[in-house]
Amino acid sequence: MEILFAVSDFGKIKHAEVTLSDFTLFVGDNNSGKTFMMQLMYGVLKELQGVNRPVIDGIEEEGDRFIYAAEWFDHMETQVNEYLSKNKEKIIRRIFHKDIVIGELSIRLVNRDERYICEIKNQEFEEIGGEDDEIVVMISGILAELYVMDRDGDRRKKAQMSFYYQPNNNDLKGMLATRIWSMILSMGSMMNADSLFLPASRTGLQLLSKYFFAERDRKAISEIGTFDVEEEEANTDVTENELGLTMPVYDFLQFLLRYNQRSKMTSENRDLIEFIEQHLIDGQIKYLGDEIYYHPDALTEDKEDIPLYLASSLVNEATPIIKALSGIRNYKYIFYDEVETCLHPLKQGEMARLIMRLVNSRRRVIVSTHSDTMAGKLNNLLLLSFSQDSEETRKKKLTELGLKKEDLLSDANVHVYQFVNQADGSSLVEELEFHTMPFVGYDFKLFTQNLDDLYLETDIILKK
């Protein structure tokens with residue numbers, strides 16, 4: 001299931017409908033609203049994860065089963081959109097720390113092929129007590145087993161929930177609805193799905209993050225007692241505005257400050273980090289207390305590691321995503337703004353491969369780029385992913401291109417959007433179609449026009 005965000009009359013964007021999919025790509029002009037839209041989606045997603053108002057209308061009952069399907073999705077959409085419409089100004093202020101006029105703000109659940117089925121059973125639970133932990137009493141409760149049925153009719157068990165009492169029917173429906181809504185936002189996972197926004201200015205923010213928080217704390221302490229109680233609330237927003245940070249950027253700084261390395265990484269995350277080390281930064285990131293160091297592959301082990309602030313911009317660019325993969329938080333949504341920043345064209349190809357691998361790791365990845373090289377590399381990987389080649393032909397192509405099967409999307413929905421500045425100062429947001437006839441993938445007209453202009457310019461220069 002995917003979430004479509006609809007917005008109108010917001011900044012430069014007259015209207016946009018953007019689907020938060022397994023892989024969502026933004027391309028387009030500078031100052032065309034790509035970052036604006038990404039930050040809005042990030043903030044609204046966080047807002048939706050915090051809304052705890054279960055809907056019980058539209059739930060089907062079949063004997064001892066509750067079924068959450070199309071009718072319930074409709075009711076859930078309606079309630080969420082009523083909430084967004086009523087609170088959109090507050091939500092925008094929370095995201096951008098500024099009052100920005102907005103017309104429509106709504107969501108829609110799309111590709112709703114799933115059905116959530118809860119099988120309810122009466123269950124006797126043992127309550128343990130006493131000094132010797134003997135069984136004191138048997139408690140009558142409810143056991144709810146939650147399954148997801150996909151479009152092909154395959155049923156996958158997702159969770160088992162125990163209630164050590166007998167809730168009434170509506171309360172039980174509501175509690176299960178809350179859990180299912182959380183699962184929809186978490187891409188089917190029972191765990192909370194954290195979101196990480198990697199801003200275009202991530203290198204500078206990373207290097208200065210400690211100083212930022214030290215200065216913020218110093219300023220907060222110096223301001224204690226300088227405002228009357230009545231003035232405190234009014235000045236809070238002024239202080240936030242003076243910092244010039246939106247919620248996603250502030251959250252990124254918090255991510256850097258609160259990073260804790262996981263004691264044992266999953267093999268999947270370990271493989272992703274090894275790919276970054278071998279194909280992007282040609283070395284390893286090391287941690288010594290709060291300090292970060294870089295050890296190039298070309299440097300022997302007995303040589304002193306390089307402090308991160310002295311390492312190349314490429315290494316600094318890659319460090320946040322390494323932290324996301326090695327930390328204790330479970331980032332299922334990664335918003336990657338200007339993904340090509342500080343990358344040589346050859347390294348952009350390696351970053352494109354990393355993006356595909358991140359999507360294959362069951363994360364939702366939202367990327368923006370200004371680079372024709374990055375867009376072209378991503379398009380080539382998507383062309384190969386969606387081709388109808390035989391297994392033998394595909395293997396041959398992968399070998400010739402120096403790629404692995406992990407560089408191709410295994411099972412993912414993709415949406416690509418082009419942002420184009422208009423003569424009246426607004427921005428047009430259009431979804432690009434994947435062309436199969438001719439089989440060229442996505443037609444990035446903005447980048448094609450730039451290449452054509454360069455060719456014509458060279459032709460004029462070389463004329464006798």
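The legends below describe close-up views of a predicted model of one protein chain.

**View 1. Overall architecture of the predicted chain, with its twelve helices and 19 strands.** Of the 464 residues in the protein chain, buried residues make up 48%. The chain exposes about 24200 Å², of which carbon and sulfur atoms supply 49%. Among contacts with a separation of 6 or more, 69% are accounted for by residues 24 or more positions apart.

**View 2. The largest nonpolar core and the surroundings of W72.** This core holds 65 residues, and the members that touch the most others are M37, L40, Y68 and W72. Helix α2 (residues 70–96) contributes the largest share of the core, ten residues. When residues up to four places away in sequence are not counted, W72 touches V55, D57, G58 and I59, and also A177, I180, W181 and I184. A second, separate core comprises 63 residues, including L198, Y331, A352 and L383. In soluble globular proteins, nonpolar side chains tend to be buried together.

**View 3. M41 and its contacts in helix α1.** M41 lies in helix α1, which spans residues 34–50, and M41 counts as buried because its relative accessible area is 0%, under the 20% limit. Leaving aside residues up to four places away in sequence, M41 touches F5, V18, L20, F26 and F335. One of these partners, F5, is 36 residues from M41 along the chain, yet the C-alpha atoms of the two are separated by 7.2 Å.

**View 4. The salt bridge between E61 and K173.** The closest N and O atoms of E61 and K173 are 2.6 Å apart, and the pair links distant parts of the chain, with E61 in strand β4 (residues 60–62) and K173 in helix α3 (residues 169–185), 112 residues apart. The two partners fall into separate burial classes, E61 being partly exposed at 43% relative accessibility and K173 being buried at 8%.

**View 5. Further salt bridges, from the pairs E62–R65 and R93–D99 to a network.** The count for the model comes to 22 salt bridges. E62 forms one with R65, with the closest N and O atoms 2.6 Å apart, and E62 is partly exposed, having a relative accessible area of 39%. In another, the side chains of R93 and D99 meet at 3.0 Å, N to O; here R93 is partly exposed at 23% relative accessibility, whereas D99 is exposed, with a relative accessible area of 60%. E350, R353, R357 and D407 are linked in a network of salt bridges.

Key. Residues numbered from 1 in each chain as written. Predicted model: local features only at pLDDT ≥ 70, side-chain atom pairs only at ≥ 80, totals over all residues. Heavy atoms only, no water. Core = buried A, V, L, I, M, F, W, Y, C linked by side-chain atoms within 4.5 Å. Buried < 20%, exposed > 50% of the residue type's maximum accessible area, 1.4 Å probe, protein only. Helix = DSSP H or I, 4+ residues; strand = E, 2+ residues; numbered from the N terminus. Contact = heavy atoms within 4.5 Å. Areas by Shrake-Rupley, 256 points an atom, 1.4 Å probe, with all protein chains shown as cover. Salt bridge = Lys/Arg side-chain N within 4 Å of Asp/Glu carboxyl O.
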